[in-house]
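Got your viewer open? Let's walk through this one stop by stop, selecting as we go.

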Amino acid sequence: MADANPTPAPETVNVTVDGMEITVPKGTRILDACAMAGVDVPHYCYHPGLSAPAQCRMCLVEVEKAPKLVPACTGTVADGQVILTESEKALKAREGVLEFYLVNHPLDCPVCDQSGECKLQDYVSAEGPAMGRSKEPKRVLGRDDFGGDVLFYADRCVMCTRCVRFMREVAQDERLAVVQRGHRNVIDTFFDEGLDGNLWADNIVDICPVGALVSKDFLHKARAWDLDRTPSICPNCSQGCNVRLETRDNLVQRIKPRPNPEVNSHWMCDFGRLNYEWINRGGRIEAPLVRDGDRFVPVSWSEALTRLAAALEEGPLGEARAVVSPFMANEDLGMLRRVMDVTGGGTGVYRCEEGEEVVLPGFPTLALRRDRAANVMGAEAFGFSRAGGADGLGGLVEPGSYEGKLFVLGDELADGGEGFGRPSRLFVYIGHFMGAAARNAHFVLPATTFAEMEGTFTNVQRRVQRFWPALQAPGMARPAWQILGVLLAGISDASAVATASDAFHALGEVSPAFAALSWGELGQQGAVLGSFAQAGD
Ligand code: SF4
Ligand code: SF4
Ligand code: FES
């Protein structure tokens, strides 16, 4: 029998863009339809995360039978429509618009932070006038400190109002306005209040299409074309905003948001954006170290892991205790759980710093979350439970005085003290820095940070999201899943894991919810994990 209520097929229309016929959903804006056809229509004021005021007139296109040119950002497609983005009329109109912008825009390109990713540069070189006709001096407005991380170069502003609309519509904290009229128009803050204290203000630097709004943190640090860009996940809270790590000289120079409609739309918070120096911190452990009496001896990986496997098999050491970091990947945490399972089981804890939760009003799915680490959910999924206080410290007395075997994964044990782990018969430290507590370990194994490896985090919505290696690992450091995977293959009949995808698929063995996900399907935007029993449930 036919379904009484079939899902209605989405209504579509056929349009022609520059001679190319395409089918798009009814109601699509002309600018988006052109993008679907692979045609980039110049635009300043339109941004997919904001309202469209059709203000800049940069997106004018010709639509056959329409009496005048149409702004592609507000016009919507109609069936049979013929759109011409490169017709003589459209090109001439946009060239005029660009000439108008250039009347006052200074040619700051050699010193402007936006050079290389400026929409004025791009459009002028693609279709702007060959020569300027204006002989008058350009207006000089100078620059203004808008507060927070934002600096305003008024001369470069093209008055697209994206920044004003972001603060009004998305941050819902109206702190910017267009003041004066006509050619005296300028963006300003209200009564010198500035952007100080608004957690989302740096997003206006991202969306400013020219170099009018720049980040003080990034100012004159690097040219856009010198940066390498790697898709990643912000590690600074459990929201898991999709970001790009922008790197040069093997250091993170800045972090920019990457769109994901399910997690962070186009935005990210200033706390996460500016909290990257720890990723660049030097002084890392660079070689596997094995205790020999009072000193550590650097050894090869195969020797370290062979000796560790022998020590584990010598046993019986009984149950293990573990202290793990919620900054480690799912693959790292899951692999440690597997190693613990085959060597007698045991319990483990993680510590996480907590802070105030701040929601983005215009996109309430996004908030700076209370837990200031990316993978608290991952730690829970693999059976580790929370310990310590809201400052991310404490909770180490029990594991630190445990006499059986002890694993530490990624936690720097800053408050561990010199006695931590001394009573343990086998103390394995897998991490990044050699603190006082780690010096008591029998084995010290250098691991990579999330920025140096491929892996996944599970965010507060249980969305499992991938990140990619952006930096070179120091010395002999390896991903913890790889270290533990080789160890596991040495002490059990588990097969060796060669790649991050192998390590991900092995997670299903310790947490069934992961078995339902496939590495390939995670893509760049992640996939949601089914439910799992959390410690204490
Ligand atoms: S400062 Fe930038 S975003 Fe704001 S109106 Fe000017 S050009 Fe547009
Ligand atoms: S909300 Fe959290 S994940 Fe997103 S940018 Fe801020 S700190 Fe990073
Ligand atoms: S993008 Fe269409 S008028 Fe500005």
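On this tour, a residue is near a molecule if one of its heavy atoms lies within 4 Å of it. Keep in mind that this is a predicted model, where local features need pLDDT of at least 70, side-chain atom pairs count only at pLDDT 80 or more, and totals for chains, interfaces and linings use all residues. Residues are numbered from 1 along each chain as its sequence is written, chains are lettered from A and ligands numbered from 1 in the order in which they are written, and side-chain values use heavy atoms, with hydrogens and water left out.

**Stop 1: ligand 1**

Select ligand 1 and show what surrounds it. You should find 13 residues, with Cys157, Cys160, Thr161, Cys163 and Cys208 coming nearest. Colour that shell by class (Ala, Val, Leu, Ile, Met, Phe, Trp, Tyr, Cys and Pro are nonpolar; Asp, Glu, Lys and Arg are charged; the others, Gly among them, are polar). You get 11 nonpolar residues, one polar and one charged.

Now hide the ligand and look at the hole. A cavity here is a set of points, on a 1 Å grid over the protein atoms alone, where a 1.4 Å probe fits but cannot get out; lining residues have an atom within 4 Å of a point. Ligand 1 takes up the largest cavity, where sitting in one means that more than half of a molecule's atoms lie within 2 Å of the grid points. The volume of the largest cavity is about 90 Å³, counted as the space filled by probe spheres set on points joined across faces, edges and corners. Its lining has 15 residues, and Cys157, Cys160, Cys163, Cys208 and Leu213 are the closest to the centre.

**Stop 2: ligand 2**

Which residues are closest to ligand 2? Select Cys234, Cys237, Cys241, Cys269 and Ala367, out of 13 that surround it. The shell has nine nonpolar and four polar residues, but no charged ones. Trace the backbone too: α6 (270-274) and β19 (367-368) each supply at least two residues of this shell. Those labels are DSSP runs numbered from the N terminus, with helices (H or I) of at least four residues and strands (E) of at least two.

Ligand 2 sits in the second largest cavity, which holds about 70 Å³ of space. Of the 13 residues lining that cavity, Cys234, Cys237, Gln239, Cys241 and Cys269 are the closest to its centre.

**Stop 3: the cysteines**

Is Cys237 buried or exposed? It counts as buried because its relative accessibility is 8%, and the cut-offs are under 20% for buried, over 50% for exposed and partly exposed in between (1.4 Å probe, protein chains only). Click on Cys56 as well: at 4%, Cys56 is buried too. Don't go hunting for disulfides (cysteine sulfur pairs within 2.5 Å), since the whole structure has zero.

**Stop 4: the open pockets**

A pocket is an open set of grid points with protein on both sides within 12 Å along at least five of seven lines. To find the largest pocket, select His47, Arg162, Asp206, Ile207 and Arg244, which lie nearest its centre among 36 lining residues. Elements giving two or more residues to this lining include α3 (119-127), α5 (203-207) and α6. The largest pocket holds about 900 Å³, and its lining has 16 nonpolar, six polar and 14 charged residues.

Finish at the second largest pocket, with about 770 Å³ of space. Select Trp278, Ser325, Phe327, Glu353 and Glu412 to land nearest its centre.
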